[in-house]
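User: I should like to examine how the descriptive terms applied to this model are justified. Please set each value against its criterion.

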Amino acid sequence: MTSPQHLIEGFRRFRERHFTHDDALYRQLVAQGQNPKILVVACCDSRVDPAIVLDCAPGDLFVVRNVANLVPPSGTLSGHHGTSSALEYGVRNLGVQHIIVLGHAHCGGIRTLVETGGANNPDSFIDDWMHLVEDARATVERDMPDAPLEERLQACEQRAILISLRNLMTFPWVSKRVEEGSLTLRGWYFDIKHGQLLQYDASKGIFAAL
Ligand SMILES: [Zn+2]
């Protein structure tokens, strides 16, 4: 089991690799600043760390993680917008060229949404947050009410990615750059059961293996 002591030992190995053995990468990242080209919206789930799953190095990815990898609509400035402010920083300050919404199988946030039937319990931050993709749950329940739970969960996980892609376009600094052709949006789905990465193909309306 991982303990804080394991993390300290892990940091020592990381320091050895990047600061003692070969410090070129961090020297460059400090001198020139970070310049990631890709922003990933991923889930908090411990099994889907984008830098590990996509085999990336420090400086490669600007990562926004939240429960169920959701993007809220632009909305108003009131409230505390952790996800929206991270998107703004990535797009406006860093000028990323690609945004990937990385969903995944066996997502606890989506399971909560499906199991609670979209209830919006005022005592739960999770319920309120997951309500952002209530349309995904309602559509799946309407279209495939008799499908096994695992299939409905997967359909809901994938439809939620599409809602996030749509919501991304409600941010004017995203839609402007997408329309200019300097920013692309992708919906990816990591199937943690079969070890597959799928991408949404808008022309076919399906997620297909990469
Ligand atoms: Zn998840």
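Analyst: The C-alpha centres of domain 1 and domain 2 lie 29 Å apart. The model is a predicted one, and its division places residues 1-33 in domain 1 and residues 34-209 in domain 2.

User: What makes residues of domain 1 and domain 2 count as being in contact?

Analyst: The criterion is that C-beta atoms, placed from the backbone, lie within 7 Å. Four residues of domain 1 are in contact with five residues of domain 2. On the domain 1 side, the touching residues comprise two nonpolar, two polar and no charged.

User: Why is the protein called as compact as a globular protein of its length?

Analyst: The secondary structure comes to nine helices and six strands. The radius of gyration is 19 Å and the globule rule gives 17 Å for 210 residues; the two values are close, so the protein is as compact as a globular protein of that length. Along the principal axes, the C-alpha atoms fill a box of roughly 55 × 45 × 40 Å. Of the 210 residues, 30% count as buried. Among contacts between residues at least 6 apart in sequence, 62% join residues at least 24 apart.

User: How do you know that helix H2 is hardly covered?

Analyst: A residue is buried if 20 or more other C-beta atoms lie within 10 Å of its own. In H2, residues 24-32, the count of buried residues among the nine is zero. Glycine 33 follows H2 and has a positive phi, near 80°.

User: Why is proline 4 called exposed?

Analyst: The cut-off for an exposed residue is 12 or fewer other C-beta atoms within 10 Å. Proline 4 has 7, and is therefore exposed. Proline 4 lies in helix H1, residues 4-21. Its C-alpha atom is separated by 30 Å from that of methionine 130, which is 126 residues away along the chain.

User: What makes the phi of aspartate 55 worth noting, and is the residue buried or exposed?

Analyst: Most residues other than glycine have a negative phi. Aspartate 55 has a positive value, near 55°, and is not a glycine. The residue is found in the loop between helix H3 (50-53) and strand S2 (61-66). Aspartate 55 has 8 C-beta neighbours inside 10 Å, and the limit for exposed is 12 or fewer, so the residue counts as exposed.

User: Why does histidine 106 count as partly exposed?

Analyst: Histidine 106 has 17 C-beta neighbours inside 10 Å. Buried requires 20 or more and exposed 12 or fewer, so a value of 17 lies in between and the residue is partly exposed. Histidine 106 is placed in the loop between strand S3 (98-104) and helix H5 (108-115). Its phi is positive, about 60°, although the residue is not a glycine.

User: How do you know that strands S4 and S5 pair, and that S5 pairs with S6?

Analyst: Pairing requires at least two bridges between two strands. S4 (residues 184-191) and S5 (residues 196-201) have four bridges in the antiparallel sense, and therefore pair. Tryptophan 188 stands opposite glutamine 199 in S5. Four bridges also join S5 to S6 (residues 206-209), again antiparallel, so the criterion is met there too. Tyrosine 200 has phenylalanine 207 in S6 as its bridge partner.

User: Which glycines with a positive phi occur in the hairpins of these strands?

Analyst: In the hairpin of S4 and S5, with four residues between the strands, glycine 195 in the turn has a positive phi of about 65°. The hairpin of S5 and S6 has four residues between its strands, and glycine 205 takes a positive phi near 70°.

Definitions and conventions:
Residues are numbered from 1 along each chain as its sequence is written. This is a predicted model: local features need pLDDT of at least 70, side-chain atom pairs count only at pLDDT 80 or more; totals for chains, interfaces and linings use all residues. Domain bounds come from an automatic or database domain assignment. Two residues are in contact if their C-beta atoms, placed from the backbone, lie within 7 Å. Ala, Val, Leu, Ile, Met, Phe, Trp, Tyr, Cys and Pro count as nonpolar, Asp, Glu, Lys and Arg as charged, and the others, Gly among them, as polar. Helices (H or I, at least four residues) and strands (E, at least two) are DSSP runs, numbered from the N terminus. The radius of gyration is taken over C-alpha atoms; the globule rule is 2.2 Å times the number of residues to the power 0.38.
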